Amino acid sequence: MSASLNTFHLLMAELLQQYGIQHNASGAKDGNDDVYTLSLGSKLEVHIIGTQENYLNTLCIIPVEQERLEEEQLYTLLSANLFSLDHPIVRVGVDKNRQLVLSSRQAISELDSSECYRHVELIIQKAQALQEWLNMPEHKVKGDISTPISKMSNQQIMRP
């Protein structure tokens, strides 16, 4: 097991402990599970991926009714990917099934247990805010040229 993969599993063990989730410190399946999934309410799941050497990747698919994603809403959502000084950067995308995807990547070397927690909380809070925005009555979404993603600074995320 590489040093970064071992660090990934140690970070995940500490993260799960912060969330009060029982976990074997060696990782699931004898340390061979490089994807951890946190299931949240509202059909949200955050996938924490350690398969890329030296990086922690996070991904959250936002369930949304297809008819809610008109061209104007997609343009607004994708405009959240414009330049930002925030770190880590959270990107909004659309997968092949027209589901919204939030993703982020951060170097494992930049993370300790509190920064890992902050990174995951950033994805969770932005995903929940985006889901709320998408579930607003249509008349409130139309014409709103900003999303919770673009309004929420990474500095607003609470540290443990």
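Start by selecting residues 113-134, which make up helix H4. At 1.5 Å a residue, its 22 residues should span 32 Å, and the end C-alpha atoms are indeed 32 Å apart, so expectation and model agree. Now switch on a surface for this helix: H4 is mostly covered, with 17 of its 22 residues buried. Keep in mind throughout that you are looking at a predicted model.

**Zoom out to the whole chain**

Color by secondary structure and you will find 6 helices and 5 strands in the protein chain. Following them from the N terminus, the order is α-α-β-β-β-α-β-β-α-α-α. Of the 160 residues, 44% count as buried. The chain exposes about 8,900 Å², and carbon and sulfur atoms supply 51% of that area. If you draw a contact map, look away from the diagonal: among contacts with a separation of 6 or more, 61% are between residues 24 or more positions apart.

**Color by confidence**

Next, color by pLDDT. The average over the protein chain is 78, and 75% of the residues score at least 70. Two stretches deserve a look here. Over residues 26-30 the pLDDT is below 50, and beyond near neighbours in sequence this stretch has 7 contacts in the model. Residues 155-160 also have a pLDDT below 50, with 13 contacts in the model beyond near neighbours in sequence. Where pLDDT is low, the predicted coordinates should not be read in detail.

**The first stop in the sheet: E2 and E3**

Select residues 45-49 for strand E2 and residues 55-62 for strand E3; the two pair in the antiparallel sense over 4 bridges. To check the register, pick Ile49 and find its bridge partner in E3, Asn57. The two strands form a hairpin with 5 residues between them.

Which residue in this turn has a positive phi? Click on Asn54, in the loop between E2 and E3. Its phi is about 75 degrees, although Asn54 is not a glycine. Most residues other than glycine have a negative phi. With 41% relative accessibility, Asn54 counts as partly exposed, because that value falls between the 20% and 50% cut-offs.

**Across to E5**

Keep E3 selected and add residues 100-107, strand E5. E3 and E5 pair in the antiparallel sense over 8 bridges. A handy place to see this register is Tyr55, which stands opposite Ala107 in E5.

Now add residues 90-94, strand E4. E4 and E5 run antiparallel and are joined by 5 bridges. Here the pair to label is Arg91 and, opposite it in E5, Ser103. E4 and E5 also form a hairpin, again with 5 residues between the strands. In this hairpin, Arg98 takes a positive phi near 60 degrees. While you have the strands on screen, remember that in a regular strand the side chains alternate between the two faces of the sheet.

**Last stop: a histidine in H1**

Finish at residues 3-18, helix H1, and select His9 within it. Is His9 buried or exposed? At 2% relative accessibility, His9 counts as buried. Show its side chain together with that of Tyr36: the two side chains make a polar contact at 2.8 Å.

Definitions and conventions:
Residues numbered from 1 in each chain as written. Predicted model: local features only at pLDDT ≥ 70, side-chain atom pairs only at ≥ 80, totals over all residues. Heavy atoms only, no water. Pairing = 2+ DSSP bridges. Buried < 20%, exposed > 50% of the residue type's maximum accessible area, 1.4 Å probe, protein only. Contact = heavy atoms within 4.5 Å. Areas by Shrake-Rupley, 256 points an atom, 1.4 Å probe, with all protein chains shown as cover. Polar contact = N/O pair within 3.5 Å; in protein donor to acceptor, adjacent residues only side chain to side chain. pLDDT = per-residue confidence, 0-100. Expected span 1.5 Å × (residues − 1).
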